[in-house]
There are 2 protein chains.
Amino acid sequence: MKRVGRQTLQFDRAPGILGRGAVGGRKEAAGPLGADFHQTFDDTTLQEDSWEKAEAQLQKEALAVAMKGAGCQPQDIHLIFAGDLLNQCISSTFGLLDYHIPFLGQYGACSTMAQTLLMASIMVDCGAAEKAAAVTSSHFCSAERQFRTPLEYGAQRTPTAQWTATAAGCAIVGREGPVRVLHGLAGKAVDLGVKDPANMGAAMAPAAADSIYQYLTDTGTQPQDYDGIFTGDLGAVGSTLLLDTLRDNGVDLSGVHKDCGLMLYDRERQDVHAGGSGCGCSASVLCGHLLGRLERGELKNILFCATGALMSTTSQQQGQGIPGVCHVVHLAAQPAGIQ
Amino acid sequence: MKRVGRQTLQFDRAPGILGRGAVGGRKEAAGPLGADFHQTFDDTTLQEDSWEKAEAQLQKEALAVAMKGAGCQPQDIHLIFAGDLLNQCISSTFGLLDYHIPFLGQYGACSTMAQTLLMASIMVDCGAAEKAAAVTSSHFCSAERQFRTPLEYGAQRTPTAQWTATAAGCAIVGREGPVRVLHGLAGKAVDLGVKDPANMGAAMAPAAADSIYQYLTDTGTQPQDYDGIFTGDLGAVGSTLLLDTLRDNGVDLSGVHKDCGLMLYDRERQDVHAGGSGCGCSASVLCGHLLGRLERGELKNILFCATGALMSTTSQQQGQGIPGVCHVVHLAAQPAGIQ
């Protein structure tokens, strides 16, 4: 492993994605990327007796699908990195408990897919693991009642609000695979003072701008060197802010940038307001749609830049801002693209 | 880095502890290890207007002390691994925000000090970071109101209950230093069905037994090869269970085992029932007391085995068990002890 510039890591062995799993709910199945999911559940309780248990089940299923694709068993996976939005990351703990894999809980809010994929890639690259898994999830119903109001209240959502995806994604990283991880960057938490929990996109955009700018600087690359720079999940409001901020700093993402939160749902038809969000949004877009396109050669070379809003209802009630964070992972179809 | 046995990592470069910081509150200052803290606060609000903000301040102070000891600045630290018990790890986010260090949030409940130290050591060993920091905290008042009842209720505590430490610990890992990290093990989550949140020691003991047994097997070592095997924080109940469980499996820890939760306070005099707990308990015992003894050569060779209870009030209320996890870090004074 080599450090490049101030914050970027370059992977010597270019770890590969051995298996992947994307699972989702009814709304996700009905969206534009519905066909890219490995499995979707019409009944979003997954026949569990609580939303939290249903969410845990999503992680369990995503890992099962990914292991099947990788042709491996739980005991082949040396380390698992997982996290979620629920207090004390309980969907990860309870969803993955039965697999008995050494477990390192991660907290990065909606940046978790990039964070766990970065960690798993580092572990494989340095030999700490032969295979490592990255998993995360979110569930609309568990998130609404924990962070906002119970569904039964029927609260009205603001136009800037995003829709938490009912979905999970899992990637199993090893030494081979059709898609390789070439670089990664761990982001800084950035707080520019946005305090509106119904406008997470605005809270996370500065962190996305910071990490993407730093990554391009460190690697000496331009946005146009990539087939796509995918953020997750800034939504409509945050995406505009990201492009404006970077343009002010001489970087033009237009034509290259897409946001997972704007890809997962049809905003006209599905009433998601500013777009999708939640750990499971970018996770399922990556593990279902994007990795599939990379495998098929439709994309050669992308940056996956998942963003998270690091806050709790307590910090919110105490008047704190909403710091954002964005981690970047550079993925390429074989043969490897730019280094 | 080399894998040894099923779960253990051996560090080729033996990363070192460049700097360390242990900060605590009034009760911790009055305990048997009071003199080993770098800084203690008689006013446990730290002049903040909420307990959560006070806890964040503890992390900020612990990192400041550790950086001073290491003679480094925030920009010298390439990665920071931090987590805590509060929902969405807000003491880490807000405590460390101003340092602008690339941030990877960790969730391991009270195992966080071992988890973050393990991650930081891996990063330095493989070259992902020149210097990496491991930080965690807990605060009695923020934990009581989040996990149990607000202090104002004056609820009675059961004899098996442990006392959440008001403390934080930070270790900065680099390529040198008087104390070296030789091995590490990431534990599995283990749930044997204990459901009593006032008896965390019993919930975590099986995970501690699992990880310690695996570590000794992987490395082919005996408990007596170490000057001490320090768990954190099983308390009185969990420690007995750990020793009994391992004895049943042919491993005798007696005379070698100590528990950070039983070291931090004087149980006779300080009314902590079954002992101390919380991320800050084992963190401050490690970063204050244990690393100090290693530096002075009073200890040569120890295992630090922090344990966490992976649960939330939601999982508790929904009748789930309390899975435990235990991560192991092997520390040695220079010259390095057994390999």
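In this predicted model, the two copies meet through the same surface, because 100% of the interface residues of chain B are also interface residues in chain A. The contact draws on 55 residues from chain B and 55 residues from chain A. How the copies sit relative to each other is easy to put into numbers: a turn of 180 degrees, with a shift of 0.0 Å along the axis, lays chain B on chain A with an RMSD of 0.0 Å. The pair is thus related as by a two-fold rotation axis.

Now for the interface itself. Between them, chain B and chain A bury about 4400 Å², and carbon and sulfur atoms account for 64% of that. On the chain B side, the residues that lose the most area to chain A are Gln88(B), Phe94(B) and Tyr107(B), which together make up 15% of what that side buries. As for polar links, 21 residue pairs are in polar contact between chain B and chain A, counting pairs with both residues at pLDDT 80 or more. Salt bridges are another story: zero turn up across the interface of chain B and chain A.

Which parts of chain B do the touching? Several helices and strands of chain B each supply at least two residues to the side that touches chain A. The helices are helix 2 (51–70), helix 3 (90–96), helix 4 (112–126), helix 5 (140–147) and helix 11 (313–317). The strands are strand 5 (79–84), strand 6 (103–107) and strand 15 (324–333). Sorted by character, the residues on this side of chain B come out as 29 nonpolar, 20 polar and six charged.

Strand 6 deserves a second look. Strand 6 of chain A (residues 103–107) is joined by three bridges to strand 6 of chain B, and the two run antiparallel. In one of the pairings, Tyr107(A) has Gly105(B), in strand 6 of chain B, as its bridge partner. Tyr107(B), for its part, is among the residues of chain B that lose the most area to chain A.

A few backbone details round out the picture. In chain A, a cis peptide bond joins Gly232(A) and Asp233(A), with omega at about 0 degrees. Asp233(A) sits in the loop between strand 11 (228–232) and helix 7 (235–248) of chain A. Chain B has a cis peptide bond joining Gly232(B) and Asp233(B), with omega at about 5 degrees, and Asp233(B) is found in the loop between strand 11 (228–232) and helix 7 (235–248) of chain B. Elsewhere, in the loop between strand 6 and helix 4 (112–126) of chain A, lies Ala109(A). Ala109(A) has a phi near 50 degrees, a positive value in a residue other than glycine.

Note on methods: Residues are numbered from 1 along each chain as its sequence is written. Chains are lettered from A and ligands numbered from 1 in the order in which they are written. This is a predicted model: local features need pLDDT of at least 70, side-chain atom pairs count only at pLDDT 80 or more; totals for chains, interfaces and linings use all residues. Side-chain values use heavy atoms; hydrogens and water are left out. Contact means heavy atoms within 4.5 Å. Buried area is the accessible area (1.4 Å probe) that two parts lose on being put together, summed over both. A salt bridge is a side-chain nitrogen of Lys or Arg within 4 Å of a carboxyl oxygen of Asp or Glu. A polar contact is a pair of N or O atoms within 3.5 Å; within protein, one must be able to donate a hydrogen and the other to accept it, and residues adjacent in sequence count only if both atoms are side-chain atoms. Helices (H or I, at least four residues) and strands (E, at least two) are DSSP runs, numbered from the N terminus. Ala, Val, Leu, Ile, Met, Phe, Trp, Tyr, Cys and Pro count as nonpolar, Asp, Glu, Lys and Arg as charged, and the others, Gly among them, as polar. Two strands pair if DSSP finds at least two bridges between them. Copies are superposed by least squares on the C-alpha atoms of residues with pLDDT of at least 70 in both.
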